[in-house]
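Colleague: Got a minute to walk me through this one? I'd like to talk about the ligand site and the disulfides.

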Amino acid sequence: AQRPSNERKRAGTGVVEPCPLYPTDDLIGRLAGLKECVAPEDLPRLHPYVEKGGRVRPTNCTAYERVAIIIPFRNRYVHLYILLNNIIPMMQRQKVDARFFVIEQAPPTIFNRAALFNVGFIEALKLDSFDCFIFHDVDLIPLNDRNLYRCDEHPMHFAVAMDKYEYKLPYKKYVGGVVGFTKEQYLRINGNSNLYFGWGGEDDDLFERIDNKEYEIARPYLDVGKYDMVRHKQDKGNEDNCDRRRLLRTARQRQDTEGLNTIKYKRKSVELRSHMTWITVQLDMAE
Ligand code: UDH
């Protein structure tokens with residue numbers, strides 16, 4: 001990965017001190033996974049060191065890379081603040097230089113999680129430079145801080161063991177929940193498909209894209225890649241996508257001609273809030 005642009009010099013020495021790749025002294029290991037509600041107005045008191053727009057970075061060393069954390073979002077405020085309350089301190093202990101992006105899909109179109117990942121990638125790069133993109137469901141709370149939020153030689157699948165799947169990988173090709181790509185990897189797979197409106201299938205399409213470009217999938221041990229999902233019912237506006245099996249059959253053929261290079265959306269607003277950059281977009285179903 002490229003060296004981050006925010007290099008800091010050690011006072012008086014002119015020498016830049018890189019953060020340790022594995023900051024073992026600061027890590028705790030297993031975490032409780034806090035699920036209590038957090039009011040947004042409490043975030044500044046709980047996490048005062050986050051910079052406006054949602055950047056958290058190490059104070060005494062230079063992080064190895066810059067990470068954009070992209071959260072696809074619609075009407076899940078309670079989950080969002082619970083998630084931030086859990087991952088902000090984890091980012092600090094991991095010595096990650098991260099910026100949180102909430103990518104909100106405006107009504108009325110059916111929710112499209114995968115298209116929002118493409119939007120997040122494009123919009124984040126308009127605002128700053130990033131080496132690594134972590135696409136993070138809003139309702140997944142990490143339970144081990146040894147699950148380092150970094151990119152690797154191969155795309156990373158972080159959420160390998162969720163409570164809803166009895167802390168196991170539900171099937172070999174599963175890449176749902178939390179995944180990470182370097183900029184180069186995401187460009188090479190042409191991002192996600194934009195065609196999956198509604199619940200399901202888009203993550204299996206992503207697997208096909210990764211596999212088709214001959215990447216492997218890097219995964220932590222089950223005990224490390226552990227997450228709890230904050231319970232919720234199926235959302236209105238994200239009903240089951242009945243077309244998903246049909247779409248999946250052509251995933252590989254479509255890869256180069258449909259995805260990051262063809263996404264269409266209307267950007268409605270970009271706001272630098274205290275603990276995140278909030279981007280609202282309109283997606284159209286017509287292709
Ligand atoms: N999301 C929203 N708002 C929505 C829908 C989805 O913010 O209205 C985002 C959010 O980041 C969420 C992610 O998209 O974490 C994935 O959506 P999800 O939580 O609905 O997916 P999951 O597989 O849902 O976790 C499980 C419950 C519904 C299953 C019904 C299938 N028959």
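Modeller: Sure, let's start with the ligand's surroundings, where near means a heavy atom within 4 Å. The shell has 17 residues, and the closest are Pro72, Arg74, Arg76, Val138 and Trp199. Bear in mind that this is a predicted model: local features need pLDDT of at least 70, side-chain atom pairs count only at pLDDT 80 or more, and totals for chains, interfaces and linings use all residues. Residues are numbered from 1 along each chain as its sequence is written, and side-chain values use heavy atoms, with hydrogens and water left out.

Colleague: How many residues of the shell around the ligand are charged?

Modeller: Here Asp, Glu, Lys and Arg count as charged; Ala, Val, Leu, Ile, Met, Phe, Trp, Tyr, Cys and Pro as nonpolar; the others, Gly among them, as polar. The shell has six nonpolar and three polar residues, and the charged ones number eight.

Colleague: Which side chain has an N or O atom 3.2 Å from a nitrogen atom of the ligand?

Modeller: Polar contacts here are pairs of N or O atoms within 3.5 Å. On the ligand's oxygen side, Arg76 has a polar side-chain atom at 3.0 Å, and His232 has one at 3.1 Å. The side chain 3.2 Å from a ligand nitrogen belongs to Asp240.

Colleague: Which residue does Cys19 pair with in a disulfide?

Modeller: A disulfide means two cysteine sulfur atoms within 2.5 Å, and the structure holds two. In this one the S to S distance is 2.1 Å, and the link is right-handed, with 95° about the S-S bond. Cys19's partner is Cys61.

Conventions:
A polar contact is a pair of N or O atoms within 3.5 Å; within protein, one must be able to donate a hydrogen and the other to accept it, and residues adjacent in sequence count only if both atoms are side-chain atoms.
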